[in-house]
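Student: I would like a close look at one part of this structure: the empty space left among its atoms. Please start with the enclosed space and work outward from there.

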Amino acid sequence: MLEIKGVHKTFNPNTINEKKALTGIDLTLSEGDFVTVIGGNGAGKSTLLNMIAGVYPVDCGRILIDGVDVTRLPEHKRAKYLGRVFQDPMTGTAADMQIDENLAIASRRGAMRTLRFGVTEKERAHYSELLKSLDLGLETRLSSKVGLLSGGQRQALTLIMATLKRPKVLLLDEHTAALDPKTAKKVLDMTEHIVARDNLTTLMITHNMADALRVGNRLIMMNNGKIIFDVSGEEKKNLTTADLLEKFKISAGEDLNNDRMLLS
Amino acid sequence: MFFSAFLASLPGAVANGIIWGIMAVGVYITYKVLDVADLTVDGSMSLGGSVLVVCVIGGVNIYLSMLIAFAAGCIAGLVTGVLHTKLGIPAILAGILTQLALYSINLNILGKSNQALNSDRYPLFISMRFTPKTILVCLGITVFLIAVLYWFFGTELGHSIRATGCNHAMAKANGINTNRNIIIGLLLSNGIVAVSGAMLAQYQGFTEVNMGRGAIVTGLAAVIIGDVNFGKIFKNFALRLLSTVAGGVIYYIVMTLVINLGMNTDDMKLFSSIIVALFLGIPYWKNKLAEKKVKPAKESDENA
């Protein structure tokens with residue numbers, strides 16, 4: 001479903017601020033894979049997701065989604081294949097627009113924007129049902145401006161928007177990191193529910209090791225722009241956080257350093 | 001004496017206010033919807049006037065002339081849009097470049113710096129000599145314009161333009177071509193501004209290449225006055241556009257008042273700038289003062 005071949009990325013090359021963010025990434029995700037990504041500060045986790053989404057161009061390498069080479073496609077054209085949820089709950093939604101308008105925009109991801117009505121009555125009914133089924137208490141507030149919602153509600157809405165039109169790959173960039181623990185759990189539960197419901201191929205960055213181990217069928221660990229550990233299936237299920245820290249120490253030759261990392 | 005003079009000039013102020021209010025609707029699209037400060041409008045306002053006058057004198061039908069003025073304004077917006085999105089020039093500078101270029105272009109179109117347009121010889125929509133009719137026609141055009149914009153910003157394309165102005169990252173993540181949308185917004189905005197210029201030329205019976213100087217400030221004044229006076233009660237998009245036009249009318253009534261009070265007309269633009277600067281600055285200072293008022297938590301408080 002997703003193939004990344006030999007991707008390199010250096011920011012500010014040949015300057016004092018040079019940062020080798022990705023130094024040769026090879027990664028293949030099969031249909032329905034739910035991969036969690038962990039790693040220290042500056043390991044290249046977010047850069048990897050941004051490369052897939054096309055936020056910046058790659059220096060070299062190829063990115064294929066469902067067999068289509070998207071390496072040279074601009075961000076808005078790749079969006080056709082991707083659902084994205086960001087770390088900042090403000091990033092994924094348009095605050096000055098209504099809930100139904102945000103959803104309608106998301107449901108047209110990858111489609112031509114025409115002069116037809118932006119939201120039809122039929123769509124509104126559908127959104128109301130959908131929101132009801134996810135128990136967010138938003139189904140009666142379709143006409144509210146998204147800016148009035150809480151961070152957790154906005155993040156949940158972004159998740160719904162990212163999956164409203166089935167993406168080939170769902171990219172989650174620490175999407176629960178900015179939420180309080182209770183809300184974070186709710187959004188993560190919802191993520192698991194939706195991913196299972198639609199059998200989505202998913203790449204989720206997290207700073208929570210327990211989540212990384214519990215959620216998904218595969219885990220990758222990154223350090224210094226490389227994937228240093230890749231585990232799936234039964235082997236992943238039997239891992240503990242202590243194992244992960246040990247693995248990191250062996251592969252990277254240093255202790256795992258992430259100021260947001262939670263060992264709980 | 002003063003009061004009767006003010007009353008006598010009131011209809012003219014209203015007519016002027018509506019025409020500039022229509023111009024402000026164009027500014028609203030860039031400033032409020034797209035979140036871009038577009039300075040092209042000074043040039044496209046004069047452009048609308050120049051194109052209309054040349055067309056009408058050349059024997060072109062008045063409706064068609066208005067349409068051509070609109071199209072000319074759209075092209076001006078397109079140029080700014082291309083400078084901004086394709087050449088990476090900051091929006092404000094891109095607008096200034098187009099505006100400056102338009103000064104020469106307008107001189108070329110008119111062939112001189114000003115041109116009279118006699119309402120007796122040409123079948124104009126509106127004229128200073130028929131102010132009541134002018135007000136009615138301008139109101140009609142305003143309602144039509146707002147209706148069209150209300151419909152447009154409710155379409156899929158209109159939604160995507162609003163999303164672009166609101167949140168670039170969200171727009172791109174949802175497959176919206178933000179650069180294209182910025183161009184469409186600038187195009188539409190300058191088209192509307194040019195129509196307003198075309199109307200102003202008819203109303204005052206002449207046009208001049210400096211007609212649009214400072215138009216952006218007047219437009220912003222109308223947007224802000226409309227927002228301050230009606231922002232709390234008008235939430236709907238169409239009503240917000242309407243309050244922008246009303247803002248233009250209020251602006252002109254105040255201007256007429258201060259002129260009647262004896263202010264030198266040479267100082268008008270100074271006065272406008274001060275008013276706009278004040279209205280833009282007040283919300284900022286309100287926030288600052290509110291921050292200062294926050295007291296440290298007392299020890300007896302639960303949160304302490």
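Tutor: Let's begin with the largest cavity, where β6 (82–85) and α5 (151–164) of chain A each supply at least two residues of the lining. Those element names come from DSSP runs numbered from the N terminus: helices are H or I runs of at least four residues, strands E runs of at least two. This is a predicted model, in which local features need pLDDT of at least 70 and side-chain atom pairs pLDDT 80 or more, while totals for chains, interfaces and linings use all residues. Residues are numbered from 1 along each chain as written, chains are lettered from A and ligands numbered from 1 in written order, and side-chain values use heavy atoms, without hydrogens and water.

The full lining of that cavity is A:Leu82, A:Gly83, A:Arg84, A:Phe86, A:Gly92, A:Arg109, A:Thr158, A:Met161, A:Ala162, B:Ala173 and B:Asn174. Its volume is about 70 Å³, and there are three cavities of 30 Å³ or more. On a 1 Å grid over the protein atoms alone, a 1.4 Å probe fits in a cavity but cannot get out; a pocket is open, with protein on both sides within 12 Å along at least five of seven lines, and lining residues have an atom within 4 Å of a point. Points are joined across faces, edges and corners, and volume is the space filled by probe spheres set on them.

Moving to open space, the largest pocket holds about 980 Å³. Among its 30 lining residues, A:Asp96, A:Glu101, A:Lys145, B:Arg162 and B:Phe237 lie nearest the centre. At least two lining residues each come from α3 (99–107) and α4 (121–133) of chain A, and from α1, α5 (131–152), α6 (156–166) and α10 (237–260) of chain B.

Now for the packed side chains. In the largest nonpolar core (buried Ala, Val, Leu, Ile, Met, Phe, Trp, Tyr and Cys joined through side-chain atoms within 4.5 Å), B:Met23, B:Met45, B:Leu149, B:Phe153 and B:Met199 touch the most other members of the 76. Helix α1 (residues 2–34) of chain B gives this core the most, 14 residues. A separate second core has 38 residues, including A:Ile160 and A:Val195.

Helix α2 of chain B is mostly covered too, with 15 of its 17 residues buried (under 20% relative accessible area with a 1.4 Å probe, protein chains only; over 50% is exposed, in between partly exposed). Just after that helix, B:Gly59 takes a positive phi of about 95 degrees.
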